Amino acid sequence: MAFYIFDMDGVLLDSMSLWEHLGEDFLATHGVKARPGLREAMVTLSMPQSAEFFRREYGISGSIEEIVAQEDALAEEFYTRRAPLKEGVQAVLEKLRGENVRCVVLTATDRPLAEAALRRTGILGYFSKIYTCTELHSSKDMPEIFLKLLEKEKVTPENAVVVEDSLHAIRSAHAAGIPTLAVFDESGRDKWPECRAVATEAVGGWPEWLERH
């Protein structure tokens with residue numbers, strides 16, 4: 001395969017803990033207590049979609065843009081200063097570069113935060129482009145987002161690999177006819193058996209992938 005589409009959070013960065021708590025932290029800044037099921041409800045949402053969710057379900061005031069800016073402010077410190085690489089990531093990217101595999105990132109995280117984190121951790125240069133769900137006007141629970149990206153890159157589905165830790169994204173890529181690589185992240189432990197069942201290949205971490213390849 002000559003083209004890899006990498007998710008960022010939970011695949012390249014060990015950063016899912018931030019997103020598990022971001023909704024609760026955001027609501028707390030507005031003096032609102034999160035209801036049960038908030039994390040599950042937000043897992044497939046892009047930043048603008050989460051902003052609309054907060055307005056609709058919790059009555060948060062402000063425009064979509066204003067709410068996204070507030071969410072970004074909560075996440076900025078983590079991405080610009082603390083979000084670590086997952087073990088083995090740089091070695092994997094170096095190996096793919098040596099094999100002339102072209103790599104891009106597709107993330108639900110907004111561009112400034114994604115670029116800051118990838119630059120700080122030293123892996124930004126391995127990717128020819130960063131795509132965000134916001135800029136593609138879609139989310140990873142829809143196969144169309146992957147097909148739209150491939151159309152822009154002039155790559156056919158069978159010549160690509162989608163690398164993900166989230167079941168909904170793996171299902172969408174599979175529905176789009178794209179081979180998938182599932183990478184385990186602790187945040188998705190309960191969905192891991194289903195990820196393994198759907199994905200073309202599944203690994204418990206990047207060191208395992210390096211051993212196989």
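# A six-stranded parallel sheet and its surroundings

In this predicted model, six strands pair in parallel to form an open sheet, ordered E3-E2-E1-E4-E5-E6. Strand E3 (129-132) and strand E6 lie at the edges with a single partner strand each, so one side of each has no neighbour in the sheet. From one strand to the next, the twist averages 20°.

Two helices that pack on this sheet can be described by what they touch. Helix H6 is in contact with E2 and E3, and its direction makes about 145° with that of E3. Helix H8 (residues 144-153) touches E1, E2, E3 and E4, and the angle between its direction and that of E2 is about 140°.

The part of the sheet running from E4 to E6 can be followed strand by strand. Strand E4 (residues 160-164) and E5 run parallel and are joined by three bridges. To get from E4 to E5 the chain passes through helix H9 (residues 167-175), and this β-α-β crossover is right-handed. Within the pairing, Val163 stands opposite Leu181 of E5, while Glu164 has Ala182 as its bridge partner. On the other side of the connection, E5 is joined to strand E6 (residues 201-203) by three bridges, and these strands also run parallel. Here Ala182 stands opposite Ala202 in E6. Ala182 thus appears in both pairings, with Glu164 as its partner and with Ala202 opposite. A right-handed β-α-β unit is again found, made of E5, helix H10 (residues 192-198) and E6.

How are the two faces of strand E5 (residues 180-183) placed, buried or exposed? Both are covered: Thr180 and Ala182 are buried on one side, and Leu181 and Val183 are buried on the other. In a regular strand the side chains alternate between the two faces of the sheet. The residues of E5 are split between its two sides in this way, Thr180 and Ala182 against Leu181 and Val183.

The packing can next be viewed through the nonpolar cores. The largest has 33 residues, and those touching the most other members are Tyr4, Phe6, Leu12, Tyr79, Phe127, Val163 and Trp206. At least two residues of this core come from each of strand E1 (3-6), helix H4 (64-82), helix H5 (89-98), strand E2 (102-107), helix H6 (111-120), E4, E5 and helix H11 (206-212). Phe127 gives one view of the interior: beyond its neighbours within four places in sequence, Phe127 contacts Phe6, Leu12, Leu93, Cys103, Val104 and Val105. A second core, separate from this one, has 18 residues, among them Phe3, Leu136, Ile145 and Phe146.

Helix H6 deserves a separate look. Its buried residues include Leu113, Ala114, Ala116, Ala117 and Leu118. An α-helix has 3.6 residues a turn, so residues three or four places apart point the same way. The cover over the buried residues of H6 includes H4, E2 and E3. Just after this helix, Gly122 takes a positive phi of about 85°.

Arg111, in H6, also takes part in a polar contact with another helix. Its side chain meets that of Glu135 in a salt bridge, at 2.7 Å from N to O. The pair links distant parts of the chain, with Glu135 lying in helix H7 (residues 133-136), 24 residues apart from Arg111. Are these partners buried, partly exposed or exposed? Arg111 has a relative accessibility of 23% and therefore counts as partly exposed. Glu135 is also partly exposed, at 41% relative accessible area.

Over the whole structure, a search finds 17 salt bridges. One of them joins Glu186 to Arg189, with the closest N and O atoms 2.7 Å apart; Arg189 is partly exposed, its relative accessible area being 49%. Another is formed by Asp190 and Lys191, whose closest N and O atoms are 4.0 Å apart. Asp190 is exposed, with 59% relative accessible area, whereas Lys191 is partly exposed at 37%. Salt bridges with shared partners also connect Asp7, Lys140 and Glu164 into one network. Glu164 therefore has two roles in this description: Glu164 belongs to that network, and its bridge partner in E5 is Ala182.

Technical notes: Residues numbered from 1 in each chain as written. Predicted model: local features only at pLDDT ≥ 70, side-chain atom pairs only at ≥ 80, totals over all residues. Heavy atoms only, no water. Buried < 20%, exposed > 50% of the residue type's maximum accessible area, 1.4 Å probe, protein only. Helix = DSSP H or I, 4+ residues; strand = E, 2+ residues; numbered from the N terminus. Pairing = 2+ DSSP bridges. Right-handed = clockwise from strand over helix to strand, strands pointing away. Core = buried A, V, L, I, M, F, W, Y, C linked by side-chain atoms within 4.5 Å. Contact = heavy atoms within 4.5 Å. Axes fitted to C-alpha atoms, helices over the stretch in contact; angles between N-to-C directions.
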